[in-house]
Amino acid sequence: MGQDRGKYDFYIGLALAISSSIFIGGSFILKKKGLLRLAKKGSMRAGQGGHAYLKEWLWWAGLLSMGAGEAANFAAYAFAPATLVTPLGALSVLVSAVLSSYFLTERLNLHGKLGCLLSILGSTTMVIHAPKEEEIASLKDMAKKLVDPGFVVFATLVVIVALIFIFVVSPRHGQTNILVYITICSVIGALSVSCVKGLGIAIKEAIAGKNVFKNPLAWVLLVGLVGCVSTQINYLNKALDIFNTSLVTPIYYVFFTTSVLTCSAILFKEWEHMSAGDVIGTLSGFLTIIVGIFLLHAFKDVSVTLATLAVSIRKEERGAPAANGSAAHSNYELLHNESTEDVEDRGLPFDSVSRRNGAMTSSLDG
């Protein structure tokens, strides 16, 4: 029964994670459409500190879609480990890329499409080799994890980095560097996932009949989640308003996944009991994602499609016979000169030899 229950939990968590990626991927498109409409109206843009998007229904539709995705994601963390749920967020990259090609003026070149494919393959590899987290059955267990010295140091560093980026780096480079706002969202996201995991455990306890509302940790986790998510939404809006959606989504995925996996490894000690094969598989999957994101980001301004590649190949094929012909012509001239020099060395004029050969050929034909 325990094994069957574990299987059901796994498949429920998997289905919720996939549906979450679909909703979140679509939310990026809806938000971007709303922000573009505001830009056409001349409203102050979100990237410049404006909040006119609060009056745009498309932005609210995107927010509701993201809310549905986050709710599904929230539930997925309650049924499955973070190292299974988080890598599946790569599906939102694919959803966003496909929808942006239909509903926005953005286009992915060949490198970008290959980058998305590599991101999906890498995520699949990570899911297959995902480490198993330690079982946490109650908020009491979660409280012990949260006061672990390793996690306290990690959480302190995350808060410090986030504050430096918000108050020092963001005012100077936020408008020009895509990594600034995404870094803020990602490092804060590590803490939000920890809050989500703890609240998921609290909900399970409440369903089982335990009174979790008297536990201060449940309220601390709820307040922490609201604060983290609010910060993520604010700075993600800034990134989407300024930069291309097809770039923001995958880069955010890589940074967010890195933060969550690091946090999960420290908080739940997932890597301690992994085999060498699983470690190599997980790292290989993650590096595959990094390569995919590099292809997507580094060559975004290069116009490369399958059609242009076909044209280039045809041009090379047309050029090859001409080159071979030139080579053959050069060889003929070389042989011709050598034959002439050989005849002249024997003291016979080339014309007489040619006439004699012609006469011999005529007599043979007769």
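His129 is found in the loop between α5 and α6 (139–146). In this predicted model, His129 counts as partly exposed, because its relative accessibility is 23% and buried means under 20%. A contact distant in sequence involves this loop residue. His129 and Gly281 are 152 residues apart along the chain, yet their C-alpha atoms are separated by 5.7 Å.

Helix α5 covers residues 110–128. Its 19 residues reach 27 Å from the first C-alpha to the last. That is close to the 27 Å expected at 1.5 Å a residue. The buried positions in α5 are Leu110, Gly112, Gly115, Cys116, Ser119, Ile120, Gly122, Ser123, Met126 and Val127. For Cys116 the relative accessible area is 7%, so this residue is classed as buried under the 20% limit.

Cys185 is also buried, at 1% relative accessibility. A disulfide is a covalent bond between the sulfur atoms of two cysteines. The count of disulfides in the model comes to zero, with a cut-off of 2.5 Å between cysteine sulfur atoms.

The overall secondary structure is helical. The chain comes to 13 helices and zero strands. Read along the sequence, the pattern is α-α-α-α-α-α-α-α-α-α-α-α-α. Of the 366 residues in the chain, 42% are buried.

Helix α2 spans residues 57–79 and holds 23 residues. At 1.5 Å a residue, α2 should span 33 Å. Its end C-alpha atoms are 33 Å apart, so the model agrees with the expected span. Buried residues in α2 include Leu58, Trp59, Gly62, Leu63 and Ser65. Gly69, Ala72, Asn73, Ala76, Tyr77 and Ala78 are buried as well. Met66 is another residue of α2. Its relative accessibility is 8%, which means that Met66 counts as buried under the 20% limit. Met66 and Gly26 lie 40 residues apart along the chain, with their C-alpha atoms separated by 7.9 Å.

The UniProt record, an unreviewed entry, carries the annotation "transmembrane region". The annotation covers residues 12–30, 57–77, 84–104, 151–172, 178–196, 217–235, 247–268 and 280–299. Two of these segments were examined for secondary structure and span. Over residues 12–30, the chain is 100% helix and 0% strand. The end C-alpha atoms of residues 12–30 are 27 Å apart. Residues 57–77 likewise are 100% helix and 0% strand. There, the end C-alpha atoms are 30 Å apart.

A nonpolar patch is present on the surface. The patch is formed by Val153, Leu157, Val159, Ile160, Leu163, Ile164, Phe167 and Val168. Together these residues have about 720 Å² of accessible area. One of the patch residues, Leu157, lies in helix α7 (residues 149–173).

A search of the whole structure finds one salt bridge. The partners are Glu205 and Lys210. Their closest N and O atoms are 3.7 Å apart, and the cut-off for a salt bridge is 4 Å. The two partners fall into separate accessibility classes. Glu205 is buried because its relative accessible area is 10%, under the 20% limit. Lys210 counts as partly exposed because its relative accessibility, 49%, lies between the limits of 20% and 50%.

Conventions:
Residues are numbered from 1 along each chain as its sequence is written. This is a predicted model: local features need pLDDT of at least 70, side-chain atom pairs count only at pLDDT 80 or more; totals for chains, interfaces and linings use all residues. Side-chain values use heavy atoms; hydrogens and water are left out. Helices (H or I, at least four residues) and strands (E, at least two) are DSSP runs, numbered from the N terminus. The expected span of a helix is 1.5 Å times one less than its number of residues. Buried means under 20% relative accessible area, exposed over 50%, partly exposed in between (1.4 Å probe, protein chains only). UniProt positions are given in the numbering used here, feature names are shortened, and annotations may be inferred rather than shown by experiment. Patches are made of residues with over 30% relative accessible area and no salt bridge: like charges are joined within 9 Å, nonpolar side chains (Val, Leu, Ile, Met, Phe, Trp, Tyr) within 5 Å. Accessible areas come from the Shrake-Rupley method with a 1.4 Å probe; for residues, only the protein chains shown count as cover. A salt bridge is a side-chain nitrogen of Lys or Arg within 4 Å of a carboxyl oxygen of Asp or Glu.
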